[in-house]
Amino acid sequence: MSTSLPLSFCRFRGTSTATRAPFLASVKCSSLPSSISYSLIPFQPLQLFRSTAKTMSRSFSCVFYSLKTKAMAELGQDKKEYGAADAASNGGGRRPEVEHSRTFLEARSEQELISGIRKEVEAKRLPPTVAAGMEELYQNYRNAVFQSGDPAAAEIALSNMAVAFDCVLLELEDPFVFEPYHKALREPFDYYMFGQNYIRPLVDFRNSYLGNLSFFNEIEEKLKQGHNVVLISNHQSEADPAIIALLLEKTNPFIAENMIYVAGDRVITDPLCKPFSMGRNLICVYSKKHMYDVPEHVEMKRRENTRSLKEMALLLRDGTKIVWIAPSGGRDRPDSLTEEWHPEPFDSSSVDNMRRLIRHSGAAGHIYPLALLCYDIMPPPPKIEKEIGEKRIIAFHGVGLSVAQKICPLETAAACKKSEEAKDAYAQALHRSVTEQYKVLKRAIHGKQGLEASTAGVLLSQPWI
């Protein structure tokens with residue numbers, strides 16, 4: 001197959017050094033029907049962030065200390081006020097009154113934070129296995145933030161981890177229940193911004209790229225017109241929702257905050273993941289990769305997946321919905337021989353489910369291929385694990401996001417004689433588009449080829465706020 005993809009990139013500038021920005025020309029996909037056009041609008045490198053390290057470190061430190069203070073107050077309020085009203089509106093929730101320990105919010109140093117973990121284990125409020133994961137997470141997160149070179153790295157890591165650990169402890173004391181459709185919890189404690197500010201210091205914005213900004217703008221216009229949009233994407237890390245939102249929060253905030261993610265059950269059951277998941281709009285499903293982990297639960301999982309699909313169908317009837325789904329059923333992993341990362345193959349049944357939901361929603365609908373590159377920040381375990389509580393490796397690195405031209409199912413099905421062939425052809429066409437975008441993102445971020453910089457674009461002077 002001969003392929004070349006036109007991509008235009010937004011270049012993010014932050015606290016790091018070298019920058020690269022990109023380009024490329026036309027697309028040829030000999031294995032795709034000739035009726036499909038991939039003449040994408042050229043990307044313009046967009047200089048989004050500009051500030052000196054000295055200036056940023058001062059504002060960054062102040063922002064995070066104020067966020068921690070605000071979070072302390074809100075979490076205390078959350079314990080008292082988050083009750084039946086919020087539970088009724090969201091379909092799940094907590095018991096109204098819980099005796100909550102403030103050990104982590106009161107920590108003023110790394111030593112106090114770590115000793116707080118051990119204190120909670122002794123008080124039997126924290127399981128030893130979870131405590132071990134928290135200690136490991138803190139060290140890995142702290143080291144990653146230090147990789148950014150920010151003079152305030154120690155304060156940033158301590159502030160973020162104190163709030164994160166408090167959220168984890170609150171979940172263990174009084175577990176939150178996710179319904180098939182979960183709407184992001186924004187008050188009294190803003191779990192969305194909590195997740196954004198936790199992942200933000202891990203992103204090297206100077207070496208991060210947003211591809212085909214014109215298509216993101218096109219998507220936002222369609223949403224404003226009442227249309228539905230589905231993004232068929234690869235999946236790289238637990239941080240994917242935050243990475244997507246961080247790269248779009250300045251140019252396309254409506255998309256960033258209103259995205260609905262089709263999420264596997266592990267991110268709503270792992271105590272270290274749940275607080276972050278609570279800040280996202282989710283359709284909760286059981287991944288096919290974990291469908292048979294416990295054989296006696298298979299039928300229950302299928303029933304719940306059917307229930308979730310019905311919830312999604314109801315949501316799409318209202319229009320103005322944007323849904324992200326990874327039809328691979330899990331995160332990408334490197335090839336065992338070459339150690340190269342590629343988007344995992346898409347399950348054609350999952351793609352077809354989304355096609356049918358869009359078609360029968362009653363509102364206009366569109367399907368776009370989306371490529372995401374962020375495995376360096378938080379790579380998955382080398383192999384799929386059945387047990388909850390994976391080891392979390394974290395790093396400071398550039399990331400990439402790119403959307404391509406929408407692909408119409410009728411065009412890919414033109415040469416197919418059977419419905420199953422048409423389903424496979426459509427899934428493969430979407431996967432090819434994602435793969436080609438991914439390759440360009442990889443060359444841009446990992447420096448596999450020189451990319452000509454450009455100064456054109458929009459200036460956002462305060463990336464950390």
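## Strand E9 and its partners

In this predicted model, strand E8 (residues 365–373) pairs with E9 in the antiparallel sense, and four bridges hold that pairing. One of the pairs to look at here is Leu370, which stands opposite Val403 in E9. On top of that, E9 runs parallel to strand E3 (residues 208–211), and three bridges join the two. Here Leu210 has Leu401 of E9 as its bridge partner.

So what about the two faces of strand E9 (residues 400–403): which residues cover each side? Gly400 and Ser402 sit on one side, Leu401 and Val403 sit on the other, and all four are buried.

## The main nonpolar core

Turning to the packing, the largest nonpolar core has 80 residues. Ile199, Leu231 and Ile243 are the ones with the most contacts inside it. Helix H5 (residues 153–173) gives the most to this core, chipping in 13 residues.

Leu231 is worth a click in the viewer. Setting aside neighbours within four places in sequence, Leu231 is in contact with Ile219 and Met259, with the run Ile322, Val323, Trp324 and Ile325, and with Tyr368, Leu370 and Val403. Two of these names are familiar: Leu370 and Val403 are the residues that stand opposite each other where E9 is concerned, and Val403 is buried on the Leu401 side of E9.

## The second largest pocket

How much space lies in the second largest pocket? About 420 Å³. Of the 17 residues lining this pocket, Arg355, Arg359, Cys408, Pro409 and Leu410 are the closest to its centre.

The lining is put together from several elements: helix H12 (348–359), E8, helix H13 (409–413) and helix H14 (419–446) each supply at least two residues. That brings E8 back into view, since this strand also pairs with E9. By class, the lining has nine nonpolar residues, five charged ones and three polar ones.

## The whole chain

Zooming out, the protein has 14 helices and nine strands. It has 465 residues, of which 57% count as buried.

As for how contacts spread along the sequence, take those with a separation of 6 or more: residues 24 or more positions apart account for 81% of them.

Methods:
Residues are numbered from 1 along each chain as its sequence is written. This is a predicted model: local features need pLDDT of at least 70, side-chain atom pairs count only at pLDDT 80 or more; totals for chains, interfaces and linings use all residues. Side-chain values use heavy atoms; hydrogens and water are left out. Buried means under 20% relative accessible area, exposed over 50%, partly exposed in between (1.4 Å probe, protein chains only). Two strands pair if DSSP finds at least two bridges between them. On a 1 Å grid over the protein atoms alone, a cavity is a set of points where a 1.4 Å probe fits but cannot get out, and a pocket is an open set with protein on both sides within 12 Å along at least five of seven lines; lining residues have an atom within 4 Å of a point. Grid points are joined across faces, edges and corners, and a volume is the space filled by probe spheres set on the points. Ala, Val, Leu, Ile, Met, Phe, Trp, Tyr, Cys and Pro count as nonpolar, Asp, Glu, Lys and Arg as charged, and the others, Gly among them, as polar. A nonpolar core is a set of buried Ala, Val, Leu, Ile, Met, Phe, Trp, Tyr and Cys residues joined through side-chain atoms within 4.5 Å. Contact means heavy atoms within 4.5 Å.
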